[in-house]
Amino acid sequence: MFKNALKGLSLFLAAFFLHKAALAAEVVELPTEELATESVYPVFDKPVSVKNRNVVTAGRFEVGGYYGNALTEPIFNVSKFGVAGYYHINEEHALGVFFESNAAGLSKYGEQLKEVKGNSGATIHLDFTRAPAPESTVMVDYNFKAFYGKMSLSKRLVFNLTTFASAAVGMLKYQNKAYPGLALGLGQKYYLTRRFSLRWDLRMFANNAPIPFYGPSTPTSSIDPTVGPAPTYAQFSERITYTTNIGIGVAYMF
Amino acid sequence: MKRHFKTLVTTSLISFLALPAAFAQEGGNGGASDDLNVIEMELDKNVPKQQTELTPAARNQKMDANEDRLEAQQNNKLTDFSSLSHLAPFSEVSVIQKRFLPKTQRFQFTGAFTTITNNPWFFTAGVSLKLAYYLTEAWGVEGIYTAMSSSARQSANELHDKNNVSADSFGFPKNYMGLDVKYTPFYGKMSWLNKKIIPFEHYLSVGAGNTSVSTGGSGFTLHFGTGQNFALSKRFSVNWDFSMMNYSAQSTDGTNQSFSDLLLTVGMSFFFPEAKYR
């Protein structure tokens with residue numbers, strides 16, 4: 001009788017614990033650190049970032065003007081004034097032409113060197129107006145408009161912009177002759193309206209050019225007016241020069 | 001007979017005790033079945049529209065499928081997932097992103113390469129370390145240390161060799177240390193070839209510091225800058241900026257000379273602590 005009572009009790013306990021386990025299984029608790037804290041953006045096969053472009057450039061022409069500054073020009077006037085015209089083949093590629101005219105005169109350093117102390121301590125007069133100066137540049141320019149976006153000014157004003165890379169080939173005319181050259185650069189356009197934009201670009205020009213630093217050891221001519229007559233342009237040596245240019249201007253699309 | 005009675009009583013007892021658990025599970029399944037029903041409804045909604053005219057074979061197949069589904073619903077189980085492959089594709093999914101790189105009350109540590117772009121006599125380049133703290137999304141302060149080294153360009157060598165004039169008197173900066181106030185009024189997004197969106201911001205900075213010059217002097221410096229910060233994640237960004245350093249320092253001949261250096265800086269930033277998720 002006692003044995004049977006024990007059996008019954010053990011069965012009762014077994015049923016009781018199973019019952020508890022069944023209830024416990026309903027609650028699933030996960031460690032907090034395993035829970036997601038941030039949403040994840042889905043990855044799409046064919047993502048399209050811009051559904052409706054505010055500024056449509058494909059198949060349109062653009063003209064503009066700008067001021068340029070030859071940042072690494074040592075001797076001659078660093079200012080340039082340019083005009084440019086482009087045809088936008090599509091939203092990514094544009095092809096055009098730009099023409100720049102160099103301002104006449106000397107740079108700040110060119111002016112300083114008119115009267116300067118030489119290595120020997122004596123005063124030297126270097127008149128670089130006797131050297132052939134750059135006059136103008138004309139180049140065919142290709143623009144790769146990889147980035148298109150929009151910016152907001154403190155959430156009050158929204159405007160569009162493009163960032164582009166440029167590659168140009170053409171001719172640079174000096175007072176003595178014209179030299180072929182190329183230019184690579186980066187720039188941005190800020191569209192104030194759908195047609196009108198402000199632009200800036202940074203270009204590195206590489207071209208053959210006459211070197212203004214003329215000084216044969218036995219001078220029959222010199223760029224120093226106190227030493228002798230001016231050399232002919234043909235007497236100046238040539239080499240490849242690299243000049244960094246920054247341009248700031250406006251453009252209008254139609 | 002007595003033994004059978006005992007077994008019966010014990011079994012009844014077990015069944016009685018286990019009954020609440022069974023009910024509880026059924027209740028849970030009730031919730032789950034509700035979910036399943038919802039899924040079923042969703043599946044029904046997403047199934048492409050059926051053809052109006054069906055062949056007899058297809059009609060039989062459809063009836064069989066409906067019977068199977070009905071049976072599965074009665075058993076409260078999903079057995080046939082084949083219809084999932086016929087879901088109508090999304091015609092358009094738009095993702096609207098929040099501000100990607102929050103900065104408020106965060107530090108920005110930047111390591112960058114810098115070069116002076118407007119010195120025709122010396123090629124000057126160096127490393128710039130910056131630490132910024134943002135009080136708000138728009139306003140922050142930034143400490144800057146820049147160390148630079150220079151080498152003479154060909155024009156400086158030619159001026160020396162052909163005209164006996166050293167370009168050293170023009171000078172170049174060796175290092176700069178200063179503090180800027182950063183104002184970031186522009187926030188934007190750029191798409192890369194219409195495939196990827198890159199959040200960025202455009203900032204302006206103004207500050208002051210001290211520049212040591214190659215001529216041996218040093219001078220109080222006004223520092224102005226503008227640049228862009230392209231977010232790669234909530235912690236990292238790449239950035240570039242143009243900044244102008246205006247200062248006066250003693251020249252090699254003892255006279256005071258004014259300098260204006262235009263620096264182009266390209267670098268990478270690390271933001272900390274971790275952004276607060278919203």
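**Exercise 1. Which residue stands opposite Thr114(B) in strand 2 of chain B?**

Solution. The model is predicted.

- Step 1. Find the strand pair. Strand 1 (residues 107-116) of chain B is joined to strand 2 (residues 122-134) by nine bridges, and the two run antiparallel.
- Step 2. Check the connection. Strands 1 and 2 of chain B form a hairpin, with five residues between them.
- Step 3. Read off the partner. In strand 2, Gly126(B) stands opposite Thr114(B).

**Exercise 2. Find the partner of Thr114(B) in strand 8 of chain B, and give the sense of the pairing.**

Solution.

- Step 1. Strand 8 covers residues 256-272 and pairs with strand 1 in the antiparallel sense.
- Step 2. Ten bridges make up this pairing.
- Step 3. Thr265(B) in strand 8 stands opposite Thr114(B). Thr114(B) therefore has Gly126(B) opposite it in strand 2 and Thr265(B) opposite it in strand 8.**Exercise 3. Sort the side chains of strand 1 of chain B by face. Which point to the buried face?**

Solution.

- Step 1. Walk along residues 107-116; the side chains alternate.
- Step 2. One face takes Gln108(B), Thr110(B), Ala112(B), Thr114(B) and Ile116(B), and these are buried.
- Step 3. Phe107(B), Phe109(B), Gly111(B), Phe113(B) and Thr115(B) point to the other face and are not buried.

**Exercise 4. Why is Val206(B) classed as partly exposed?**

Solution.

- Step 1. Locate the residue. Val206(B) lies in strand 5 (residues 196-213) of chain B.
- Step 2. Count its neighbours. There are 14 other C-beta atoms within 10 Å of Val206(B).
- Step 3. Apply the cut-offs. Buried needs 20 or more, and exposed means 12 or fewer. Val206(B) has 14, so it is partly exposed.

**Exercise 5. Which residues does Val206(B) touch, leaving out those up to four places away in sequence?**

Solution.

- Step 1. List the contacts: Asp180(B), Val181(B) and Phe224(B).
- Step 2. Take Phe224(B). Phe224(B) and Val206(B) are 18 residues apart along the chain.
- Step 3. Check the distance in space. Their C-alpha atoms are separated by 4.5 Å.

**Exercise 6. Set out chains A and B side by side.**

Solution.

- Step 1. Count the elements. Chain A has two helices and ten strands; chain B has three helices and eight strands.
- Step 2. Write the order from the N terminus. Chain A runs α-β-β-β-α-β-β-β-β-β-β-β. Chain B runs α-α-β-β-β-α-β-β-β-β-β.
- Step 3. Give the buried share. This is 29% of the 254 residues of chain A and 25% of the 278 residues of chain B.
- Step 4. Take the contacts with a separation of 6 or more. Residues 24 or more positions apart account for 62% of them in chain A and 63% in chain B.

How values were computed:
Residues numbered from 1 in each chain as written. Chains lettered and ligands numbered in written order. Predicted model: local features only at pLDDT ≥ 70, side-chain atom pairs only at ≥ 80, totals over all residues. Helix = DSSP H or I, 4+ residues; strand = E, 2+ residues; numbered from the N terminus. Contact = placed C-beta atoms within 7 Å. Pairing = 2+ DSSP bridges.
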